[in-house]
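Biologist: I would like a close look at a single part of this model, taken slowly and with the terms spelled out. Please start from one residue and then work outwards to what surrounds it.

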Amino acid sequence: MDTKNPLRIRKISEEDFKSLLFRPCKTKTELYNFIKYFLKIDFPDTTIDLTSNSNPMDAIWKIYRTAVWYDEVPDEEKYLRTIIYAARGTFKSLLACALEFVIMLHTNRNTVHVGLQENQARNIYTGYFQKFLNYPIIKEHALISSIQERTILRNRFGGENKLHVIPCTLNATSSLRAN
């Protein structure tokens with residue numbers, strides 16, 4: 001037995017990291033591990049409240065699966081219109097940010113994140129998205145540019161996806177930023 005490496009853990013090369021960053025997740029477990037490793041978030045995968053019908057990872061997986069594997073998902077399992085609601089302070093915004101971020105890496109989709117108010121939209125961007133963008137692997141391989149509440153990320157196809165974070169106002173949602 002190798003006493004220096006008893007679990008036979010091999011070092012992952014920079015190319016392996018890059019490959020994993022842009023490889024779409026095929027299962028909820030893969031997506032959970034991706035989010036935990038790359039975004040440093042450990043979302044619950046257990047429904048605790050007896051009156052609830054879901055949990056954060058269920059919600060993330062159902063939407064991610066529809067967005068990334070649309071052609072392979074049976075019609076009755078596609079989540080095209082979804083409402084997620086929960087109490088204040090239950091990380092709904094963090095869940096949405098993580099989901100949007102991963103979908104941008106794994107698809108050819110631009111994203112608009114709408115905060116209820118201007119300061120909420122700004123806080124979402126500076127509190128969550130910029131944190132993700134500062135992780136070295138993401139900064140080095142996926143980030144193309146980030147100015148104010150606008151970010152451009154490289155996707156798995158080698159193209160670019162745009163993210164806009166805007167407040168839920170008539171001006172913002174009807175402006176060119178939202179198109």
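Going by relative accessibility, does Lys40 count as buried or exposed?

Modeller: This is a predicted model, in which local features need pLDDT of at least 70 and side-chain atom pairs count only at pLDDT 80 or more, while totals for chains, interfaces and linings use all residues. Residues are numbered from 1 along each chain as its sequence is written, and side-chain values use heavy atoms, with hydrogens and water left out.

Lys40 counts as exposed because its relative accessibility is 53% (buried means under 20% relative accessible area, exposed over 50%, and partly exposed in between, with a 1.4 Å probe and protein chains only). Lys40 belongs to the loop between helix 2 and helix 3 (56-68), where helices (H or I, at least four residues) and strands (E, at least two) are DSSP runs numbered from the N terminus. Most residues other than glycine have a negative phi, whereas the phi of Lys40 is positive, near 65°.

Helix 2 (residues 28-38) contains Phe34, and this residue is buried, with a relative accessible area of 6%. Leaving aside residues up to four places away in sequence, Phe34 touches Leu20, Leu21, Cys25, Leu39, Val102, Leu105 and His106, a contact being heavy atoms within 4.5 Å. Val102, Leu105 and His106 also appear on the helix 4 side of a helix pair, where they meet Leu31, Phe34 and Ile35 of helix 2. The residues of that contact divide into five nonpolar, one polar and no charged (Ala, Val, Leu, Ile, Met, Phe, Trp, Tyr, Cys and Pro count as nonpolar, Asp, Glu, Lys and Arg as charged, and the others, Gly among them, as polar).

The axes of helix 2 and helix 4 come within 11 Å and cross at roughly 105°; axes here are lines fitted to C-alpha atoms, for helices over the stretch in contact, and angles run from 0 to 180 degrees between N-to-C directions. The two helices are therefore roughly perpendicular to each other (65 to 115 degrees, with under 35 counted as roughly parallel, over 145 as roughly antiparallel and the rest as oblique).

Helix 4 is mostly covered, twelve of its 15 residues being buried, and among them are Val102, Leu105 and His106. The end C-alpha atoms of helix 4 are 21 Å apart, which agrees with the 21 Å that 15 residues should span at 1.5 Å a residue, the expected span being 1.5 Å times one less than the number of residues.

Beyond the helix pair there is an open sheet of four strands, with the order 1-4-3-2 and mixed pairing; two strands pair if DSSP finds at least two bridges between them. Its edge strands, each pairing on one side only, are strand 1 (111-115) and strand 2 (143-147), and the twist averages 15° from one strand to the next. Helix 4 (residues 92-106) packs on this sheet, touching strand 1, strand 3 and strand 4, and its direction makes about 170° with that of strand 1.

Strand 1 and strand 4 run parallel and are joined by five bridges, Val114 having Ile166 as its bridge partner in strand 4. Strand 3 (residues 150-154) pairs with strand 4 (residues 160-167) in the antiparallel sense, also over five bridges, with Thr151 standing opposite Leu163. Six of the eight residues of strand 4 are buried.
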